[in-house]
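Hi,

I am passing a structure on to you, with some notes on what I found in it. Have a look at it first, then read on below.

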Amino acid sequence: MTLNRRQFLMLLGAATGAASLGLAESAESLELPFRSAQTPSEVFKLPPLPYAYDALEPFIDAETMQFHHDKHHAAYVKNLNAAVNKYPELKVMTAEGLLRQIQTLPADVRTAVTNNGGGHVNHSMFWEIMSPTGGGRPTDSLAAAIRQSFGSFEAFQTAFNEAGTQRFGSGWAWLVMQPNGDLQVTSTGNQDSPLMSGLFPIMGNDVWEHAYYLKYRNKRDEYLNNWWNVVNWPEVERRYQQAMTEP
């Protein structure tokens, strides 16, 4: 594209004005004609929330949901794209595939993919396994599998909550399927994914402070107890069925 003198001065003035206000992001949003040629493609995208920010109230507040999704999850996506842009051959892999093969990735991006790929995959699941019409108990084959593995739904809830409360620092509580098909409650630190250990995450609860601190302060146990009111059991059942068909 060829710019005449007037167009060039207009673009220059707009960029200079944004810079003088200290708004670097605004300068990027001007979409100068050479921007697309210098910006690496983004293969991973931030999924939209499947409901409004306030849809899970009173159990999870709107402000927490907005910051959690729009800031924290968005940052994981941005940083994951930056990591794979260093190695174009990684762009053909899914985020789940990257985590399953984490030990084979180039050493200089392995930690970035663990933290940000895990953050992206974990949160993409998290939004889907919650619902404004959630709560109650699982049904169908998942309910039977939980009874077989834990004795009762109540025993499973207790084990899951304990995994969350006993996780020191930041991390996740999980219900996973082991390679032999058995169910297990476990936890991981930070944004580590069960996929990295050959386990399939059926459901998980985020116990990072950013997931609950605005509403519950330091009462993680209260957050964990209230979270059951928004669990989307049909989606968790779907993930259970998927786990049984995974190679």
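To begin with the outside: the accessible surface of the protein chain is about 13,200 Å², and 52% of that belongs to carbon and sulfur atoms. Please keep in mind that this is a predicted model.

Now the overall fold. The protein chain has eleven helices and three strands, and along the sequence they come in the order α-α-α-α-α-α-α-α-β-β-β-α-α-α. Of its 247 residues, 39% are buried. If you take the contacts between residues at least 6 apart in sequence, 66% of them join residues at least 24 apart.

Two places seemed worth pointing out to you.

One is helix H10, which covers residues 220–227 and has Arg220, Tyr223, Leu224 and Trp227 buried. Viewed down the axis of H10, these buried residues lie within an arc of 100°, so they line one face of the helix. The general background is that an α-helix has 3.6 residues a turn, so residues three or four places apart point the same way. What do the buried residues of H10 pack against? Their partners are helix H6 (107–128), helix H8 (153–166), strand S3 (200–206) and helix H9 (213–216).

The other is histidine 123, which sits in helix H6. Its relative accessibility is 0%, so histidine 123 counts as buried. Leaving aside residues up to four places away in sequence, histidine 123 touches three other histidines, His68, His73 and His210, along with Tyr76, Trp172, Gln191 and Asp206.

Best wishes

Definitions and conventions:
Residues numbered from 1 in each chain as written. Predicted model: local features only at pLDDT ≥ 70, side-chain atom pairs only at ≥ 80, totals over all residues. Heavy atoms only, no water. Helix = DSSP H or I, 4+ residues; strand = E, 2+ residues; numbered from the N terminus. Buried < 20%, exposed > 50% of the residue type's maximum accessible area, 1.4 Å probe, protein only. Contact = heavy atoms within 4.5 Å. Areas by Shrake-Rupley, 256 points an atom, 1.4 Å probe, with all protein chains shown as cover. Arc of directions from axis to C-beta.
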